Amino acid sequence: MNFTKRIISAVLLSFIFAALLAPLTGLSAIDIVDGAGTLGRVEYGDDGSDAPQTDTPSEFYGLLIDEVGVFDADEEKELLELLESVGKKHSCTVAVAFLNSFSGSDIVRFAADYYEEKNCGIGDDKDGVLFTVVLGTVGKWDIRTHGMCDSAYDESAIDEFEDRVITQVRNRDYKKAVEEYASVCDSVFEEYKKFPLGTILGISLIFGFIIAIVTVSAMKGKLKTIRRKNNAADYVKKDSLNIKESKDIYLYSNVTRVAKPKESSSGSSGGRTSSSSGGSYGGRSGSI
């Protein structure tokens, strides 16, 4: 009986010591976790805030980085929940970063490296999208897409992003900009899941092949009475062509002019890029 009591006492003491030592291990409730991984997190800048700084988790659906201090605590919570909901719905990271500055001279390359530095992306393909706004004297913006999000964000989707989101950034309505960004991501990913690019191309090829066969068959049916001749003279009716004199006469010229492309008034530019580690990213960048 005494032995049994000692065993029970030892187990209880183990639980007590574990509870007391837990705060010393660095564990905290700053990250919200469910069965699929961390939902999201907020990072704060060096603005004197007492908010805790934590390491970025390995996988998360939403990320809001505010180094400038454009949002208050309530806005950060609301926007993070919005980003999380879209990211979890489509199994990807939906991230936003408001920065004072960036390293290097190319925001495109910086954003690709920043995506990896912050451990963005879900799954083996690291599916995710990062919207970066650099305020201050620089005034730059960038959107980087990776994995599934890269395939979903075609040129028309990025055009929609620029029209709806960057307009709000230029109006300095940053909260509305993040809300529009989440909305665009949701609709773009939803549409892509309905009709992925591979499916669209496959259907197009199949229908094109069918139409080509039908067209060629119809044309071939009309030519059943035609027989191939041995030489060109066989195609000319006898005594139907008698050329006595020939001349080359210049009639007119046709000149086509193409205007030199002008830079976009928004100052945006597209194109793919690679991170320092070799990761491939799509997206677009521009000036605010």
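**Exercise 1. Two cysteines**

Explain why Cys-92 forms no bond with the closest cysteine sulfur in this predicted model.

*Solution.*
Step 1. The closest cysteine sulfur to that of Cys-92 belongs to Cys-149, at 3.8 Å.
Step 2. A disulfide requires two cysteine sulfur atoms within 2.5 Å. The separation of 3.8 Å is therefore too far for a bond.
Step 3. From the side of Cys-149, the nearest cysteine sulfur is that of Cys-92, and Cys-149 is in no disulfide.
Step 4. For the structure as a whole, the count of disulfides is zero.

State whether Cys-92 and Cys-149 are buried or exposed.

*Solution.*
Step 1. Buried means under 20% relative accessible area.
Step 2. Cys-92 has a relative accessible area of 0%, so this residue is buried.
Step 3. Cys-149 also stands at 0% and therefore counts as buried.

**Exercise 2. The nonpolar cores**

Determine how many residues the largest nonpolar core has, and which elements give two or more residues to this core.

*Solution.*
Step 1. The largest nonpolar core has 36 residues. Those with the most contacts inside it are Val-129, Phe-131, Tyr-153, Phe-161, Tyr-181 and Phe-189.
Step 2. Two or more residues come from each of α2 (73–90), β4 (93–99), β5 (128–134), β6 (140–146), α4 (148–152), α5 (155–170) and α6 (174–194).
Step 3. Among these elements, α6 gives the most, namely nine residues.
Step 4. Another core, of 17 residues, lies apart from the largest one; its members include Leu-63, Ala-97, Ile-107 and Cys-120.
Step 5. As background, nonpolar side chains in soluble globular proteins tend to be buried together.

**Exercise 3. The surroundings of Phe-131**

Identify which residues are in contact with Phe-131, leaving aside its neighbours within four places in sequence.

*Solution.*
Step 1. The contacts of Phe-131 include Ala-95, Val-96 and Ala-97.
Step 2. Trp-141, Asp-142 and Ile-143 are also among the contacts of Phe-131. Ile-143, in β6, is the residue opposite Phe-131.
Step 3. The remaining contacts are Phe-161, Val-165, Ile-166, Val-169 and Tyr-181.
Step 4. Ring pairs join Phe-131 with Trp-141, Phe-161 and Tyr-181 in a cluster.

**Exercise 4. Strand β6 and its partners**

Describe which strands pair with β6, and in what sense.

*Solution.*
Step 1. β5 pairs with β6 in the antiparallel sense, over seven bridges.
Step 2. These two strands form a hairpin with five residues between them. In the turn, Gly-136 has a positive phi of about 80°.
Step 3. β9 (residues 280–287) is joined to β6 by six bridges and also runs antiparallel to β6. In this pairing, Thr-145 stands opposite Gly-282.
Step 4. β6 is mostly covered, with six of its seven residues buried.

**Exercise 5. Aromatic pairs**

Classify the ring pairs Phe-71 with Phe-98 and Tyr-153 with Phe-189.

*Solution.*
Step 1. The structure holds 10 aromatic pairs.
Step 2. The ring centres of Phe-71 and Phe-98 are 5.3 Å apart and the planes stand at 90°, so this pair is edge-to-face.
Step 3. Phe-71 is in the loop between β3 (60–66) and α2, and Phe-98 is in strand β4; the pair therefore ties together parts that are 27 residues apart in sequence.
Step 4. Phe-71, at 8% relative accessibility, counts as buried, and Phe-98, at 0%, is buried too.
Step 5. For Tyr-153 and Phe-189 the centres lie 5.9 Å apart with planes at 85°, so this pair is edge-to-face.
Step 6. Tyr-153 is in the loop between α4 and α5 and Phe-189 in helix α6, 36 residues apart. Both residues are buried.

**Exercise 6. Positive phi outside glycine**

Find where Asn-119 and Lys-126 lie.

*Solution.*
Step 1. Asn-119, which is not a glycine, has a positive phi near 60°. For Lys-126, likewise not a glycine, the positive phi is near 55°.
Step 2. Asn-119 lies in the loop between α3 (107–117) and β5, and Lys-126 is also placed in the loop between α3 and β5.
Step 3. Asn-119 is partly exposed at 33% relative accessible area, as is Lys-126 at 34%.

**Exercise 7. Confidence in the model**

Establish over which residues pLDDT stays under 50.

*Solution.*
Step 1. The protein chain averages a pLDDT of 78, and 65% of the residues score at least 70.
Step 2. pLDDT stays under 50 over residues 9–13, for which the model has zero contacts beyond four places in sequence.
Step 3. Residues 21–37 also stay under 50, with 17 such contacts.
Step 4. Where pLDDT is low, the predicted coordinates should not be read in detail.

Note on methods:
Residues numbered from 1 in each chain as written. Heavy atoms only, no water. Core = buried A, V, L, I, M, F, W, Y, C linked by side-chain atoms within 4.5 Å. Buried < 20%, exposed > 50% of the residue type's maximum accessible area, 1.4 Å probe, protein only. Helix = DSSP H or I, 4+ residues; strand = E, 2+ residues; numbered from the N terminus. Contact = heavy atoms within 4.5 Å. Pairing = 2+ DSSP bridges. pLDDT = per-residue confidence, 0-100. Phe/Tyr/Trp six-rings, centres within 6.5 Å; stacked < 30°, edge-to-face > 60°.
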